[in-house]
Amino acid sequence: MNLKKSLFLLAVLVITGIFYACGGNAHKEAIPDEEMVEMTPNEVVEIPSYEIKDNHILPVDGKPMIVDFSATWCPPCKALKPIFEKLAEDFRGRITFVTIDVDEQPELAQAYGVSNIPALIFLNKDGQVQNTIVGFQNRDQLLAAINTYFGF
């Protein structure tokens, strides 16, 4: 039985080595190094739709925004993330969805009075705060808030 396990592991290692060797060379030949851009699956590169000025988030595309203040270590933030991303897809072109990591931008979080996360800040097209919702929200709750504050 140990011989079978050893042969299996050896086969897996050999196949893995071949896979990475072939895949790595093909990728490098297909895309020159200066053009390589790391992206997560299904990520869309877009022109920034907001700017941060004097610790305030300002829309530059004339659309209302929902800003998710969160952190990677926060369990409720992790639970909210797929809902937030799906709503961003559903409302693409009508509402801008932005995630701000409070560990990376604590001054911005402080400027908006964020002391608990996740915190969702609803901004109108001029960047003025319409409402703040703190804590995990399910899809239906977020849809109701979007309808209330943005009329969608």
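Start with the surface view: this protein, a predicted model, exposes about 10500 Å², and carbon and sulfur atoms supply 56% of that area. Of its 152 residues, 30% count as buried.

Now switch to cartoon. You should find 4 helices and 6 strands. Trace the chain from the N terminus and the elements come in the pattern α-β-β-β-α-β-α-β-β-α. If you turn on contacts between residues at least 6 apart in sequence, 65% of them join residues at least 24 apart.

**The sheet**

Select β3 (65–70), β4 (96–101) and β5 (119–123), then add β6 (129–134). These 4 strands make an open sheet with mixed pairing, in the order β4-β3-β5-β6. Which strands stand at the edges? They are β4 and β6, each with a single partner strand, so one side of each has no neighbour in the sheet. Look along the sheet for its twist, which averages 20° from one strand to the next.

Next, zoom in on β3 and β5. They pair in the antiparallel sense, over 5 bridges. For one spot to label, pick phenylalanine 69: its bridge partner in β5 is alanine 119.

**The helices on the sheet**

Bring in α2, residues 75–90. This helix packs on the sheet and touches β3, β4 and β5; the direction of α2 makes about 155° with that of β4. Then select α4, residues 139–150, which lies across β3, β4, β5 and β6. Against β5, helix α4 runs at about 25°.

**The cores**

Time for side chains. In soluble globular proteins, nonpolar side chains tend to be buried together. Here, the largest nonpolar core has 18 residues, and the ones that touch the most other members are Ile57, Val67, Phe69, Tyr112 and Val114. Show those five as sticks. The elements giving two or more residues to this core are β3, β4, α3 (106–111) and β5.

Center on valine 114. What does Val114 touch, leaving aside residues up to four places away in sequence? Its contacts are Phe69, Val102, Ala109, Ala119 and Ile121. Two of these names are back from the sheet stop: Phe69 and Ala119 are the bridge partners seen there.

For the last stop, select Phe97, Phe122, Ile133 and Leu142. They are among the 15 residues of a second core, separate from the one around Val114.

Key. Residues are numbered from 1 along each chain as its sequence is written. This is a predicted model: local features need pLDDT of at least 70, side-chain atom pairs count only at pLDDT 80 or more; totals for chains, interfaces and linings use all residues. Side-chain values use heavy atoms; hydrogens and water are left out. Buried means under 20% relative accessible area, exposed over 50%, partly exposed in between (1.4 Å probe, protein chains only). Contact means heavy atoms within 4.5 Å. Accessible areas come from the Shrake-Rupley method with a 1.4 Å probe; for residues, only the protein chains shown count as cover. A nonpolar core is a set of buried Ala, Val, Leu, Ile, Met, Phe, Trp, Tyr and Cys residues joined through side-chain atoms within 4.5 Å. Two strands pair if DSSP finds at least two bridges between them. Axes are lines fitted to C-alpha atoms, for helices over the stretch in contact, and angles run from 0 to 180 degrees between N-to-C directions.
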